[in-house]
Structures are given as structure tokens and as C-alpha cells.
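This report introduces a structure to a reader who meets it here for the first time. It turns to the ligand and its surroundings, and then to the aromatic rings.

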Amino acid sequence: MALRGKVAIITGASSGIGAGIAVAFAKEGANLSLTGRKQKNLEEVVKDCKKAGCQDVLTNVGDITQDAFRRTLVDTTKKKFGKIDILVNNAGILLMNPLISVTKEEYDTTMAVNLEGPLFLTQLVAPHLIETKGNVVNNSSCITTMTIPKDGLYTMSKAALDIFTRYLAHELVSHGVRVNSINPGYVPSQLGSEVMTDELQQSLINATPIGRAATPEEVGHIVVFLASDKAAFVTGECFKADGGLSMTTPALA
Ligand SMILES: NC(=O)c1ccc[n+]([C@@H]2O[C@H](COP(=O)([O-])OP(=O)(O)OC[C@H]3O[C@@H](n4cnc5c(N)ncnc54)[C@H](OP(=O)(O)O)[C@@H]3O)[C@@H](O)[C@H]2O)c1
């Protein structure tokens, strides 16, 4: 069990990749502090984590863009488990619009969830990670090295997250805290299905050399590795898990 006894906060754990990471962490012996906005979904994920062997799961339902909620998340986790070893900044949104049409509201919403959430939550968790010599894993995307129609705003937010990963790794390395990101390829989830056409989703699969989409659990296994002591020499890394998607030049719908 690579994460036995470790305490992990996972944001956006109520569905998709975050749920996959939560179950993968549960299988590896972690104690979990899970967040999302949809309580019912979060409860389903807790059931899956319990089946996977984690009996004691803390949940906080709320909006990660709100400072008061971020403080509650950190305080309740510390109070319940006595320490924090791992922060997985996974919550994210995708709004698709060409950059020449993007509204201020779309920009603010995207940056608030995809960039400000990780930045300001990490600031609150950092003192606890310094105590435990823990680590951060951010969920970015392989898209930061690609160009996909109408995805400029999302890609900008994830590219900034990659820079955040590198700079934070540099700032915290002397404290024994590692910082990495997972940069997945296409994973079917509510994030994509809400805004991408079926044709675009299929083109992403067709353009993936491995020949299929990833599953949330597969991404979860890599986050387990990055968060575990097996990756003790890895920091500042943006780790692509994209089935080769970003090494192709796909013709996308
Ligand atoms: N799917 C892909 O192909 C893909 C590829 C690369 C990277 N990613 C990244 O993977 C991460 C997870 O996405 P996903 O594909 O698994 O989509 P998803 O199923 O829609 O999951 C998104 C999660 O983020 C949470 N969330 C969104 N806005 C929030 C807010 N304001 N406050 C708190 N929680 C919020 C959602 O909570 P509720 O549903 O409860 O509101 C949900 O748990 C994202 O950062 C995404 O950019 C996805």
C-alpha cells in the first residue's frame, strides 16, 4: 500500500477523474478528505472508497472558489486526521468559446476554478505539507501542448497551472515538499460531455495513438505514484498520461 496512513485532500472528487483518484487512493491505504459541490455524487464516491478499503472518509460540500470554504476544508481535515500529507488540486471546468468571443464572465469563472482555486487552497495547505514533508499533485491537461478549436481559454488556464506547478516546486523544494502535475489526455466525463460535440469527443479518441480514451482509474494510478514515496525524486514535473495524443497532430472536428 503506497499511501498507507497518508492523509489526502482531493478536490473535485464527486465525479470523473477526481472520483477515480479517490478510489485509487483508498486502495492504497490513504485517509481521505473529499470535496465537490454535488452532495449526492460525493456520497456515491464515498461508498466506492469504502468498498475499496477506506472506512473513514471526510466530505465537505462547497465551492472551491470561495475562500471561506477553502479554510473550512483545511481546518476540518486537520481537526479530523491531525495532519495533511497530500493535496490533489483536481477540480476544474471547461468552457468552450473562441478567444475572440470569450466573455469576461467565462474568463473569470474559468480562472477562479482552474487556477485561483489551486493557488489559494495550496497556500492554506502548504504549512501542513511542510510539517509532513508532503506533496501536491495538480490536475492539468495534455492540451497545454496542443491546439484544439475553441479551447483557448481552458488551455490558458491549464498552461498557467503548469507554471504554477513548476514555480511552487521550486519554492517548496527546500522544505522537503514535492509538487507535480498529471496532464491527462481525453477521459469521458461530465466536463467534456457538457460542452464538446460527440464528433469532437470521437475525434479525440481517434487521434489517440493508443486507440481509446483513458479511464479515471488509470489516471488515479499515476496520481498515486506521483503522491507516493516511489516518486521521491520527482518534483516540478508535468506528467502526461494521454495515450500519445499530444505527440500527434490530429484533424479534429
Ligand atoms: N476529462 C478529460 O478529458 C480531462 C483531461 C485532462 C484534464 N482534465 C481535468 O481533470 C479534472 C477533473 O475533470 P473531469 O474530467 O473528471 O470532469 P468532471 O467529472 O466534471 O469533474 C469536475 C469536478 O470538479 C468539481 N468542480 C467544478 N467546479 C467546482 C467548484 N467551483 N467548486 C468545487 N468543485 C468544483 C466538480 O464538482 P461537482 O460536479 O460536484 O460540481 C467535479 O467533482 C479537471 O481539472 C479537468 O480539467 C480532464
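## The ligand and its surroundings

In this predicted model, the ligand is surrounded by 29 residues. The closest of these are Ser-14, Ser-15, Ile-17, Tyr-154 and Ser-189.

Oxygen atoms of the ligand take part in the polar contacts listed below.

| Residue | Protein atom | Distance to a ligand oxygen atom |
|---|---|---|
| Ile-17 | backbone N or O atom | 2.7 Å |
| Val-187 | polar backbone atom | 2.8 Å |
| Gln-190 | side-chain N or O atom | 2.8 Å |

The ligand on its own would expose 880 Å², and the protein buries 97% of that area. The space that the ligand takes is the largest pocket. Three elements give two or more residues to the shell around the ligand: helix H1 (16-27), helix H5 (152-172) and helix H6 (190-193).

The aromatic rings form a separate topic. How many aromatic pairs does a search of the whole structure find? The search finds zero. A contact of another kind involves Phe-81: Lys-80 lies over the face of the Phe-81 ring, 5.6 Å from the ring centre.

Conventions
Residues numbered from 1 in each chain as written. Predicted model: local features only at pLDDT ≥ 70, side-chain atom pairs only at ≥ 80, totals over all residues. Heavy atoms only, no water. Phe/Tyr/Trp six-rings, centres within 6.5 Å; stacked < 30°, edge-to-face > 60°. Lys NZ or Arg CZ within 6 Å of the ring centre and 35° of its normal. Near = heavy atom within 4 Å. Polar contact = N/O pair within 3.5 Å; in protein donor to acceptor, adjacent residues only side chain to side chain. Areas by Shrake-Rupley, 256 points an atom, 1.4 Å probe, with all protein chains shown as cover. 1 Å grid on protein atoms, 1.4 Å probe; cavity = no way out; pocket = protein on both sides within 12 Å on 5 of 7 lines; lining within 4 Å. Sits in = over half its atoms within 2 Å of the grid points. Helix = DSSP H or I, 4+ residues; strand = E, 2+ residues; numbered from the N terminus.
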